[in-house]
Structure formats: structure tokens, C-alpha cells
Amino acid sequence: MDDKTIKKVLLSIYERLFTRYGPQKWWPAEETFEVIIGAILTQSAAWTNVEKAISNLKASGKMTPQAIRQLTQAELAQIIRPSGYYNVKAQKLQAFVKWLEEQHNYNLKKLFNINTSQLRKQLLSIFGIGEETADSIMLYAGNKPVFVIDAYTRRIISRAGLAPPKSSYDVYQTLFMSNLPANTELFNEYHALLVRLGKDVCKTRPTCNQCCLNTADTTDTEHSYTEYSCATIIKQSRS
Ligand code: SF4
């Protein structure tokens with residue numbers, strides 16, 4: 001598929017999602033540090049459980065890097081227990097705040113002044129921070145124009161017929177970042193909308209008849225039964 005078509009398809013998907021769902025107002029947090037905590041706690045967890053862990057941190061007065069630094073791992077694990085995998089997540093949060101103190105004197109503004117590629121390298125060097133978490137922190141806490149790839153994104157993009165030949169994180173990220181303008185607001189909203197669609201409609205068993213990306217014309221005899229209904233966006237974008 002040529003680059004022009006890919007660009008058109010990606011924008012068409014975004015426009016359809018935005019028209020259906022509207023702004024998602026991500027990230028649901030009161031301050032930057034809370035976004036970072038949420039990005040780490042949400043690994044393998046439903047957001048409702050993360051919210052409970054965040055409420056516990058706030059209620060106990062521990063929603064600051066300095067306060068988390070003072071806790072033992074066992075104390076922190078008890079507070080964030082609702083988020084699941086609480087022992088390892090306590091370890092991850094402590095690794096992050098220790099690093100933040102040692103490398104940046106707890107200064108988040110200074111942290112996010114670092115250029116995007118350097119910052120990504122630094123975040124990836126911290127225990128428990130992988131690509132998706134690092135990119136979520138950069139986009140949603142640092143307002144950096146990076147596209148976050150997750151399981152919902154891969155599933156929808158592949159069903160729409162845009163799956164890159166390799167399924168690595170980098171390749172999926174390049175698909176978006178090379179074909180869309182480097183715009184933080186767009187990347188923020190687009191990712192949030194894909195998550196919304198993945199949770200509501202494009203599940204393991206998709207309900208395509210309720211999907212805003214379903215552009216299939218039932219009288220179209222060329223529409224292959226092996227394709228998902230959203231794959232027709234590609235044909236329409238070529239015309
Ligand atoms: S048309 Fe079906 S497969 Fe395609 S994005 Fe919608 S729900 Fe998923």
C-alpha cells in the first residue's frame with residue numbers, strides 16, 4: 001500500500017472514531033506525577049482497580065515521589081494492593097522515584113525538558129518501565145508527540161488491514177508516527193479513541209455491526225468474507 005493511502009486510512013479511522021466517541025479527555029489525573037503512577041500501575045490491570053490504588057495513595061497522603069521514597073516496599077504494596085501484582089508494582093514505583101531523586105532531584109519539569117529520544121532511553125533504563133509505559137509517560141505526562149502502542153491498537157489496525165509485516169512495537173509506532181503529523185493532541189486523542197473502540201466494540205470477538213469503522217457495503221461482492229468490515233476503508237481511501 002502506498003504512503004498516501006496509508007495516511008488517508010489512518011486519518012479516516014481517526015475522524016470516524018472522533019465523530020462517534022468525541023474527546024476522551026485523557027489522561028484522567030489531577031497532576032503530572034499521578035499520570036506517571038497511573039501509567040505504571042495500569043500494567044496488566046483494569047483502570048477501575050488502578051483508580052482504587054490511586055485513591056489509597058491520595059487518602060494516605062503518599063501521592064508524591066518524596067512520600068513514596070520514604071515507604072518500605074511492603075508498606076507501598078499494601079497501599080496499591082487493588083491494582084494487582086502489587087509487590088512487583090511497588091518495586092517498580094520505588095525504582096522510578098529513586099531514579100527521579102538521584103537523576104533529576106524530583107524535578108518533573110526538568111525531566112520533561114529532555115529531548116524525546118534521550119528521555120525515552122532514560123525511562124527505558126528504569127526497572128519495570130517498558131516501551132508502552134515509557135511512551136505513555138512521555139505523551140500523557142510530558143506532552144511529547146509520541147504514539148503509544150498497545151494490544152487494542154495492534155488488534156484494530158491489523159483487522160483494518162494495515163498490519164505492518166513485522167509485529168514489533170517499533171514498527172507499529174512508526175506506522176503512526178511516519179504517516180501522521182507529529183501532534184501531541186492528535187496522538188493523545190487517537191490512542192485514547194482506539195482504546196475506547198477496543199474495549200467497547202473491537203473485542204476478541206468483535207461486534208462489527210455496531211462499529212463506526214464498519215464501512216462495508218453489503219452489496220459489495222468484492223468484499224472478502226476473510227476480511228473484517230473495517231478493511232473496506234482501504235478500498236474507499238484509494239478511490
Ligand atoms: S469493523 Fe469489526 S473488526 Fe473492524 S474495527 Fe470495527 S469491530 Fe473491529
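## Contacts along the chain

Two residues are in contact if their C-beta atoms, placed from the backbone, lie within 7 Å. Keep that in mind as you look at this predicted model. Take the contacts in the protein with a separation of 6 or more: 62% of them are accounted for by residues 24 or more positions apart.

## The overall picture

What is the protein built from? It has 13 helices and 0 strands, and reading from the N terminus you meet α-α-α-α-α-α-α-α-α-α-α-α-α. The C-alpha trace spans about 65 × 35 × 30 Å along its principal axes.

You can also ask how the radius of gyration fits with the chain length. A compact globule of 239 residues would have a radius of gyration near 18 Å, and the protein has 20 Å, which agrees. Of the 239 residues, 30% are buried.

## Two domains and where they touch

The protein is divided into domain 1 (1-25 + 147-239) and domain 2 (32-141). Notice that domain 1 is written as two stretches of the chain. The C-alpha centres of the two domains lie 30 Å apart.

How many residues of each domain are in contact with the other domain? There are 7 residues of domain 1 in contact with 6 residues of domain 2. On the domain 1 side, helix α12 gives the most, with 3 residues. That side divides into 4 nonpolar, 2 polar and 1 charged residues.

## The largest nonpolar core

In soluble globular proteins, nonpolar side chains tend to be buried together. Here, the largest nonpolar core has 54 residues, and I80, L93 and A160 touch the most other members. Both domain 1 (1-25 + 147-239) and domain 2 (32-141) give residues to this core, so it lies between them.

Try finding L93 in the structure. If you leave aside its neighbours within four places in sequence, L93 is in contact with I37, I40, I68 and L76.

## Helix α9, an enclosed helix

Is helix α9 largely enclosed or largely open? Helix α9 covers residues 131-141, and 9 of its 11 residues are buried, so it is largely enclosed by the rest of the structure. The buried residues are T133, A134, D135, S136, I137, M138, L139, Y140 and A141.

What covers them? The covering parts include α2 (32-41), α8 (116-124) and α12 (184-200). You have already met α12 on the side of domain 1 that touches domain 2. After α9 comes N143, whose phi is positive, near 55 degrees.

## Two helix residues to compare

Start with V97, which sits in helix α6. With 23 C-beta neighbours inside 10 Å, V97 counts as buried, because the cut-off for buried is 20 or more. Apart from its neighbours within four places in sequence, V97 is in contact with P65, I68 and R69. V97 and L186 are 89 residues apart along the chain, and their C-alpha atoms are separated by 29 Å.

Now look at A59 in helix α3 (residues 47-59). A59 has 10 C-beta neighbours inside 10 Å and counts as exposed, because the cut-off for exposed is 12 or fewer. From A59 to P181 there are 122 residues in sequence and 40 Å in space, C-alpha to C-alpha.

## Backbone details in the loops

Some details are easy to miss, so here are a few to look up. The peptide bond from W26 to W27 is cis, with omega near 0 degrees. W27 belongs to the loop between α1 (3-21) and α2.

Y85 is not a glycine, yet its phi is positive, about 45 degrees. You will find Y85 in the loop between α5 (73-79) and α6 (86-104), and with 15 C-beta neighbours inside 10 Å it counts as partly exposed. Y106 is not a glycine either, and it has a positive phi of about 65 degrees. Y106 lies in the loop between α6 and α7 (108-111) and is partly exposed, with 16 other C-beta atoms within 10 Å.

## Around the ligand

Which residues come nearest to the ligand? Of the 13 residues around the ligand, they are C202, C208, C211, Y228 and C230. By class, the shell has 10 nonpolar, 2 polar and 1 charged residues.

Technical notes. Residues are numbered from 1 along each chain as its sequence is written. This is a predicted model: local features need pLDDT of at least 70, side-chain atom pairs count only at pLDDT 80 or more; totals for chains, interfaces and linings use all residues. A residue is near a molecule or strand if its C-beta atom, placed from the backbone, lies within 6 Å of it. Ala, Val, Leu, Ile, Met, Phe, Trp, Tyr, Cys and Pro count as nonpolar, Asp, Glu, Lys and Arg as charged, and the others, Gly among them, as polar. Helices (H or I, at least four residues) and strands (E, at least two) are DSSP runs, numbered from the N terminus. Domain bounds come from an automatic or database domain assignment. A nonpolar core is a set of buried Ala, Val, Leu, Ile, Met, Phe, Trp, Tyr and Cys residues joined through C-beta atoms within 7 Å. The radius of gyration is taken over C-alpha atoms; the globule rule is 2.2 Å times the number of residues to the power 0.38.
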